[in-house]
Amino acid sequence: MADEVKNTQNAQEITSKETELSSNVYIISEDGTNLLATSETGVRGRGNASWDFPKKPYRLKFASKQSPLGAPASAKKWTLISNYGDKSLMRNILAFEVSRRVGLSYTPFCHPVDVIINGEYRGSYHLCDQVEAASGRVEAKDGYLIEIDAYAYKETSMFNSNRGIPVTIKHPDEDDITSTQHYFIKDYFNQMEAAVFASDYTDETSGYRKYLDLDSFLKNFIVGEFAGNTDTYWSVYMYKDDADGKLYTGPVWDYDLAFENDRRTYPINNLSDYIYAQKGSVASEPVRSMVTRIVKNDSAAKQRLYEIWTTARTEGGLDNLNEMVDELEEMLDESQELNFKRWDILDQMVHENYQALGSYSKEVSTVRTYITKRLQSLDNLIQK
């Protein structure tokens, strides 16, 4: 574990997602032997639904690039994920580990921290990468980063596809993107979309593979289905590394409702189909149809999905994921005690919870049991 201490200017409370407060930030790790101390760090709120929770998520913007807690990227922007509705305090970290074991090219860095703001303990958080096009993060600085995004209507830089899929353009930034760039990525997405729904869409030369990288799409699909994320197709990141490159799917993000933590899809392992295709899924109809044409109707893609899944189970180590659950439970033991003293919700159903078990160990056991059953149930679905 690590501690993160923030002292805002004049001890102001962080109340806005737009206005940054200047803050001194101290990140203490390695049993107190390692200190990252910064001044003039901008701190503001972040998130969509999570910003309305009592335990708030935040974004940090250091004055100069930093690599806190040994993170691979050196960058200014970092996120603090609040995990309010995830009483295991580990679901995002586990989902990122699934992403690594499945073999997605980039997985966000994420590490648990205890957060103190202006002398007040705020809880157990995750310090994570900001999803952005940058070195050590999404390698698309000379290209595009977009998000199929149900909240796109709130954004300035966005478009709706020809079939009504809402897409936010994350990179180039809304302050920098030109009208030519905006038109280009919108047109490219529409070409990809049209190719998926065309009669010859399975053709490996002229079909959708011309525009969409199949392996990354299938790996992202596996992460969402294995982890049991109701929101997988509510929000999907995609990137294009240069003008001539294909659209790649990823990185994975926002998995606090995964691993059996959502009343809308519980019990996941009793479902007769993939999560995205079920009533509880929040995927829009055109996105759901797009996924179906690829993972169910394209026989070659179905075979590739089976190959990726089989490799991830054996060589990738998905079969042993519960060992990481054990390690995280031990690592988080002291932190969870403090967190649930600060946020006394173990016997309350918050966000989309379907149960309130009253103890941290029982919450973790739910994750562990889910993983064991999901390995078999997803085996059955993929082999159909």
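## A walk through the predicted model

Cys110 and Cys128 form a disulfide, with their sulfur atoms 2.4 Å apart. The model is predicted, and a search of the whole structure finds 1 disulfide. The pair links distant parts of the chain. Cys110 sits in strand E6, residues 110–117. Cys128 sits in strand E7, residues 120–129. The two cysteines are 18 residues apart.

Are these cysteines buried or exposed? Buried means under 20% relative accessible area. Cys110 has 12% relative accessibility, so Cys110 counts as buried. Cys128 has a relative accessible area of 0%, so Cys128 is buried too.

Now turn to the nonpolar interior. The largest nonpolar core has 93 residues. Which of them touch the most other members? They are Phe189, Phe259 and Ile294. Helix H8, residues 360–382, gives the most to this core. Its share is 9 residues. Another core lies apart from it, with 21 residues. Among them are Val43, Leu60, Phe109 and Val113.

Take Phe189 as a starting point. Leave aside its neighbours within four places in sequence. Phe189 is then in contact with Ile146, Ile148, Phe159, Ser161, Ile165, Val167, Met238 and Leu247.

One of these partners is Ser161. Where does Ser161 lie? Its place is in the loop between strand E9 (158–160) and strand E10 (166–171). Ser161 has 6% relative accessibility, so this loop residue counts as buried. Residues up to four places away in sequence are again not counted here. Ser161 touches Phe189, Asn190 and Glu193.

A second loop residue is Asp262. Its loop runs between strand E12 (247–249) and helix H4 (285–295). The relative accessible area of Asp262 is 1%, so Asp262 is buried. What does Asp262 touch, not counting residues up to four places away in sequence? The answer is Thr230, Leu257, Glu352 and Tyr354. The side chain of Asp262 also makes a polar contact with the side chain of Arg264, at 2.6 Å. For a view across the model, pair Asp262 with Ser82. They are 180 residues apart along the chain. Their C-alpha atoms are separated by 17 Å.

Note on methods. Residues numbered from 1 in each chain as written. Predicted model: local features only at pLDDT ≥ 70, side-chain atom pairs only at ≥ 80, totals over all residues. Heavy atoms only, no water. Core = buried A, V, L, I, M, F, W, Y, C linked by side-chain atoms within 4.5 Å. Buried < 20%, exposed > 50% of the residue type's maximum accessible area, 1.4 Å probe, protein only. Helix = DSSP H or I, 4+ residues; strand = E, 2+ residues; numbered from the N terminus. Contact = heavy atoms within 4.5 Å. Polar contact = N/O pair within 3.5 Å; in protein donor to acceptor, adjacent residues only side chain to side chain. Disulfide = S-S within 2.5 Å.
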